[in-house]
Amino acid sequence: MSKRFYITTAIDYVNGQPHLGHAYEKIIADVIARARRSLGQEVFFLTGLDEHGQKVQQAAQAEKKNPQEYCDGLAADWQAFAKKLELTNDDFVRTTDPRHKEFVQATLSKLNAAGHFYKATYTGFYSAKEETFLTEKDRLPDGKFDASYGEVAELKEDNYYFKLGAHQQWLIDYIETNPDFITPSYRRNEVLGFLKNNTLEDLCISRPVARLNWGIPIPFDPEFVTYVWFDALVNYASIAHAHAALGLWPADIHVIGKDILKFHAVYWPIMLKAMGLPLPKQILVHGWWQKDGAKISKSTGNIIDPIAVINEWGLDAFRFYVLRELDIGPDGNWTDAGFGSRYQAELANGLGNLVNRSLSMLKRYRNGIVPAKSDELAADAAKAADETRALFKQSQLQAALQSIWGLVNRANKFVDETAPFKLAKDPAQAQRLDEVLYNLAESCRVLAVLLNPFLPETSTKIYAQLGLTGSPDKLADATWGGLQAGQTIGEPAPLFPRKDV
Ligand code: MSP
């Protein structure tokens with residue numbers, strides 16, 4: 001049996017409500033997961049929550065809740081959000097899960113026994129208000145620290161450190177010999193540039209319980225909890241371990257945003273090497289969304305509420321826009337006008353109109369009965385299917401949508417060229433009309449199969465409107481000629497109602 005395709009997202013901090021950036025990353029991973037299943041692979045898709053840390057501890061305090069209670073409340077919202085996006089995740093990790101905590105502790109013990117950690121005293125400037133250490137670089141020209149840090153005191157603190165330095169050259173070599181490990185390539189170059197021009201400092205992995213208690217206790221020293229990355233990153237492996245029978249590790253793809261690249265491309269590989277585990281095959285790095293050219297920010301009110309957009313426009317329209325508008329890599333800019341015009345042009349007038357007029361004409365002129373097979377658009381459909389298959393394997397989702405729309409546009413043009421409404425008026429053109437109607441209906445069927453990972457609801461509706469009982473979720477079914485002559489289609493209905501924008 002071939003290994004399951006294991007794909008993960010970053011786990012989100014649980015200190016607020018999900019926004020566009022979180023939704024985007026999950027939709028990328030979901031479409032890749034569905035695409036791989038459509039290609040016939042077995043898939044395991046993991047997403048979840050990062051629940052420990054100072055911010056959560058404080059937010060819980062502010063609401064007079066204990067941190068676990070606080071996390072449980074928010075976790076329910078985030079799980080509902082995953083449902084709203086119709087994610088096909090196979091598990092949902094919470095870093096407060098005992099199965100995760102136990103794995104983290106076992107890992108820490110093992111690495112400690114093997115000599116990967118040491119304890120050291122750090123002396124530095126500390127802002128209690130911002131819960132952060134400051135360095136000389138943070139001083140203003142007048143030598144003071146910015147007022148926003150409040151009182152800055154010199155602090156002496158013991159902590160545990162993970163030795164990174166010894167692995168620096170190994171990591172450079174690994175990244176250079178595995179060109180797809182970090183994708184896109186400009187992100188790989190960034191990591192290589194960083195590794196070649198800096199000496200890696202050892203990674204602080206603990207916080208004293210006195211300062212932070214909402215964390216995973218370090219098993220060999222109860223006065224400390226593990227801090228951030230030795231907890232969060234390990235989720236990918238702890239959950240693989242929880243499903244040991246499936247043989248998930250190594251992960252095939254970690255989907256992450258550009259801001260957490262260093263953690264995934266530098267610290268995580270070295271942690272895995274120390275743990276004696278193979279590295280994930282790929283770190284797929286997406287860019288950041290802005291709205292109207294400015295940073296998404298709760299405090300300025302510059303936000304997009306994905307749930308509101310989905311309620312207004314439909315889930316598939318939202319999934320479509322984020323993947324069609326922005327390739328995986330660069331930063332993107334959300335505008336409501338841009339969303340509206342893609343909806344109108346590509347979904348309502350493009351795909352929706354094609355399916356609706358094709359099936360309505362078949363209903364009107366042939367009583368909904370599929371005519372004999374005809375192959376005029378077969379080559380166009382095969383081209384879209386071949387390209388889509390290849391692009392799915394490279395996680396090139398935007399390019400796949402472009403290729404699929406090549407077929408949408410070709411078929412719409414075919415309607416205009418052949419003018420079936422005119423053919424229908426001339427009994428001598430009956431056979432020609434049959435040919436045209438078959439080509440259109442079969443193109444709609446192929447489109448349903450190709451679009452299934454992106455637009456699962458729409459794809460299922462197209463199949464139902466075609467009167468097909470199966471599910472459009474196998475790419476092998478995109479082969480031309482699947483629609484059988486003599487079969488009766490279902491009821492045509494608009495897929496994307498037109499909106500006044
Ligand atoms: N908890 C850490 C990740 C640990 S992974 C082992 C974290 N959480 S986060 O909630 O801040 O971010 C989660 C993901 O959302 C990250 O991959 C981040 O890049 C992504 N995004 C957050 N804001 C974003 C945008 N505005 N646009 C696109 N993605 C963004 O980091």
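Lys 291 stands opposite Ala 294 in strand E16. The model is predicted. Strand E15, residues 289–291, pairs with E16 in the antiparallel sense, over 2 bridges. These two strands belong to an open sheet of 3 strands. Its order is E16-E15-E17, and its pairing is mixed. E16 (294–295) and E17 (332–334) are the edge strands. Each of them pairs on one side only.

Now turn to the ligand. It is surrounded by 23 residues. The closest are Ile 11, Glu 25, Asp 50, Asp 259 and Trp 289. Trp 289 also falls within the residue range of E15.

Which elements build the shell? Four of them supply at least two residues each: strand E2 (12–13), helix H1 (20–38), helix H7 (229–232) and strand E13 (253–257). H1 gives the most, with 3 residues. By class, the shell residues divide into 12 nonpolar, 7 polar and 4 charged.

Oxygen atoms of the ligand meet polar atoms of the protein. For Gly 257, a polar backbone atom is 2.9 Å from a ligand oxygen. For Trp 288, a polar side-chain atom lies 3.1 Å from an oxygen atom of the ligand. For His 22, a polar side-chain atom lies 3.3 Å from a ligand oxygen. How much of the ligand does the protein bury? Taken alone, the ligand exposes 660 Å², and the protein buries 94% of that.

Note on methods. Residues are numbered from 1 along each chain as its sequence is written. This is a predicted model: local features need pLDDT of at least 70, side-chain atom pairs count only at pLDDT 80 or more; totals for chains, interfaces and linings use all residues. Side-chain values use heavy atoms; hydrogens and water are left out. A residue is near a molecule or strand if one of its heavy atoms lies within 4 Å of it. A polar contact is a pair of N or O atoms within 3.5 Å; within protein, one must be able to donate a hydrogen and the other to accept it, and residues adjacent in sequence count only if both atoms are side-chain atoms. Accessible areas come from the Shrake-Rupley method with a 1.4 Å probe; for residues, only the protein chains shown count as cover. Helices (H or I, at least four residues) and strands (E, at least two) are DSSP runs, numbered from the N terminus. Ala, Val, Leu, Ile, Met, Phe, Trp, Tyr, Cys and Pro count as nonpolar, Asp, Glu, Lys and Arg as charged, and the others, Gly among them, as polar. Two strands pair if DSSP finds at least two bridges between them.
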